[in-house]
Amino acid sequence: ASCHAGACGECKLLPSAATTCHCGRVPLTALLATPRTSCTQPIPSCGGPCGRVLGCGVHSCNQTCHEGPCAACTGDQQRACRCG
């Protein structure tokens, strides 16, 4: 099965390119009994916290290791106000 038309080129889902879980902490060799052989095979989650830095640049994602982008930051930040 193919996941898209045309050559894979620099496909980030190729087994040679995707070597860790989604958060990047655990090698797939530690999560899978047999190696992935196709980009259509799922990449497993390690089950740990994602930990990627959110768009705010301050807080980290606390969702379980996940595919795709992290949710928007809902954390509080203190900022200096020019009015004092």
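This is a short dialogue between a colleague and a modeller about reading a predicted model.

Colleague: I am new to this one. How many helices and strands are there in the protein?

Modeller: Welcome! Start with the secondary structure: the protein has 1 helix and 0 strands. The helix is α1, covering residues 28-31.

Colleague: And what share of the residues counts as buried?

Modeller: Burial tells you how much of a residue is covered by the rest of the protein. Here 17% of the 84 residues count as buried. The accessible surface adds up to about 6200 Å², and carbon and sulfur atoms account for 53% of that.

Colleague: What do the contacts say about residues far apart in sequence?

Modeller: Take the contacts between residues at least 6 apart in sequence: 24% of them join residues at least 24 apart.

Colleague: I can see several cysteines. How many disulfides does a search of the whole structure find?

Modeller: The way to read this is to look at the distance between sulfur atoms, since a disulfide needs a pair within 2.5 Å. The search finds 0 disulfides. Cys 11, for one, is in none, and its nearest cysteine sulfur, in Cys 39, lies 4.7 Å away. Cys 11 is also buried, at 13% relative accessibility.

Colleague: Why is Cys 50 not bonded to Cys 70?

Modeller: Because their sulfurs are 3.8 Å apart, which is too far for a bond, even though Cys 70 holds the closest cysteine sulfur to that of Cys 50. Cys 50 is buried too, with a relative accessible area of 1%.

Colleague: Where is Cys 73 found, and which residues does it touch?

Modeller: Cys 73 sits in the segment after α1. Leaving aside residues up to four places away in sequence, Cys 73 touches Leu 54, Cys 56 and His 59. From Cys 73 to Ser 60 the C-alpha distance is 8.3 Å, with their positions 13 residues apart in sequence. At 27% relative accessibility, Cys 73 counts as partly exposed.

Colleague: Now the pockets. What is the volume of the largest pocket, and which residues lie nearest its centre?

Modeller: For a pocket, look at its volume and then its lining. The largest pocket has a volume of about 330 Å³. Its lining has 18 residues, with Lys 12, Leu 13, His 22, Ile 43 and Glu 67 nearest the centre. By class, the lining holds 7 nonpolar, 7 polar and 4 charged residues.

Colleague: And which residues line the second largest pocket?

Modeller: Among them are Pro 15, Ala 18, Leu 28, Thr 29 and Arg 36. This pocket holds about 150 Å³ of space, and its lining comprises 5 nonpolar, 3 polar and 1 charged residues.

Terms used: Residues are numbered from 1 along each chain as its sequence is written. This is a predicted model: local features need pLDDT of at least 70, side-chain atom pairs count only at pLDDT 80 or more; totals for chains, interfaces and linings use all residues. Side-chain values use heavy atoms; hydrogens and water are left out. On a 1 Å grid over the protein atoms alone, a cavity is a set of points where a 1.4 Å probe fits but cannot get out, and a pocket is an open set with protein on both sides within 12 Å along at least five of seven lines; lining residues have an atom within 4 Å of a point. Grid points are joined across faces, edges and corners, and a volume is the space filled by probe spheres set on the points. Ala, Val, Leu, Ile, Met, Phe, Trp, Tyr, Cys and Pro count as nonpolar, Asp, Glu, Lys and Arg as charged, and the others, Gly among them, as polar. Buried means under 20% relative accessible area, exposed over 50%, partly exposed in between (1.4 Å probe, protein chains only). Helices (H or I, at least four residues) and strands (E, at least two) are DSSP runs, numbered from the N terminus. Contact means heavy atoms within 4.5 Å. Accessible areas come from the Shrake-Rupley method with a 1.4 Å probe; for residues, only the protein chains shown count as cover.
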